[in-house]
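I opened this entry to record what I looked up in the structure. My notes follow in the order in which I consulted it.

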Amino acid sequence: MKIQLTKSDKVFLGIIVAGYIAIFTYIIVTGYQFPKLDESVGQRWIYQLPFGTPPLNRVNPMTVFMSWAIMVGLIAFASSIKVFTIIPGKKQSLIEMLLDYILDLTKDAVPKEEFVRPTFNIAATLFLFIFVSNIISGIPGIQAVPRNNGVIFTIFEDTWYTPTSDLNTNATFAVMVLIISHVFAIKAKGFGQWVKGFFEPNPIMFPMNVIGELAKPVSHSLRLFGNIMGGGLLVLIISYLVKYFLMPTFLWGFFGIFVGSIQALVFTILAIAYIGSVIE
Amino acid sequence: MKEKKFGFKQFGMLNMVFQFGIVVISNVFVGGLIGYLLVKYANLGKIWLVLFFMLGIFSGLYQGIRYLLKEAEKYERNNKSGDKRNGGSDDSCSS
């Protein structure tokens, strides 16, 4: 197989090679020592509110800021597509492609016609928020790192802080999906039938059905949290091991963009499946 | 002989195995958690922790198998609809 490179490819590769040579030369000439792996890896900026009891009055301000930033970004993006046309533009195509797929999934999973639209609204909102949150965990940006009883902000040292790497965000979404699914179930089947559903196939199974329902948000939220948080930690640790030479870009791409978009889709599919399974 | 390509369907199957594990573990976790909370806050004997842990294990296996059966049903339904579209020429249903 013969590799054919265009002129711009050669220039691009040349710049990368020159960069590596420059870094190696700098390390050898100056005898640069890499700092030790920071003890604050995996630590979060926690703010203790002046009111409330200890476990409940602690917030992670970065989760709050970034959640709002993502929501504002999404609203700005949505409002920038002012008119939907028959021949779509780039933004409209992107949105239509993503949301059409989710609508198809919803139609397949939700048996009752009147619940398709509300379920789609919830699933699409969740998908867009989680998708954007996960994607920014593959792009270098601002991070807050706790150090020496304070907090410092780093720019382009690590990826953007992503709200989905905080279990509170994911648990909120998962509990919300659980509550919504049961509200829909009560509306669809009636209260009596809904209660009867916990005693099927026979009354002995009641505790198991209850535990099964309670386990849904646990698995739902921990899966997303584990993937995003674990991905972030792995990137830091592996990058430290190879001294930040080659890996971060590849790892950010893999954990941030590839795993992130898959997990966003998985979370959405599971939300649709949970709602659909309780309604039927 | 035509080689079978590794497609997205195989990812779906891998996900099914993964999901089974997650369902079982999360049920055991919830069962254990309920038992622990009962022991800690309702001042019940430690036997309740064991009981709820066992209940979690049974529940996990029950929910996991129910999930697998549902997936198998979906797989067969998809195969049947694929058969109809191909005019019955697809032999993947027989496996």
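Is B:Ser59 buried or exposed? I noted at the outset that the model is predicted. I found a relative accessible area of 0% for B:Ser59, which is under the 20% cut-off, so the residue is buried.

I next placed B:Ser59 in the fold: the residue belongs to helix α2 of chain B, which covers residues 47-85. I then listed the contacts of B:Ser59, leaving aside residues up to four places away in sequence. From chain A, I recorded A:Met208, A:Ile211 and A:Gly212. From chain B, I recorded B:Asn27.

I turned to the interface as a whole. I read 17 residues of chain A in contact with 18 residues of chain B. For the area buried between chain A and chain B, I took down about 1300 Å², with carbon and sulfur atoms giving 69% of it. I noted that A:Met208, A:Ile211 and A:Arg223 supply 42% of the area that chain A buries against chain B, more than any other three residues. Two of these, A:Met208 and A:Ile211, I had already entered as contacts of B:Ser59.

I then checked the polar side of the interface. I found zero salt bridges between chain A and chain B, and three residue pairs in polar contact, both residues at pLDDT 80 or more.

Finally, I assigned the chain A side to its elements. I saw that α7 (206-241) and α8 (247-279) of chain A each give two or more residues to the side that touches chain B. The largest share, 10 residues, comes from α7(A). By class, I entered 10 nonpolar, four polar and three charged residues for this side of chain A.

How values were computed:
Residues numbered from 1 in each chain as written. Chains lettered and ligands numbered in written order. Predicted model: local features only at pLDDT ≥ 70, side-chain atom pairs only at ≥ 80, totals over all residues. Heavy atoms only, no water. Contact = heavy atoms within 4.5 Å. Buried area = accessible area lost by both parts, 1.4 Å probe. Salt bridge = Lys/Arg side-chain N within 4 Å of Asp/Glu carboxyl O. Polar contact = N/O pair within 3.5 Å; in protein donor to acceptor, adjacent residues only side chain to side chain. Helix = DSSP H or I, 4+ residues; strand = E, 2+ residues; numbered from the N terminus. Nonpolar A, V, L, I, M, F, W, Y, C, P; charged D, E, K, R; others polar. Buried < 20%, exposed > 50% of the residue type's maximum accessible area, 1.4 Å probe, protein only.
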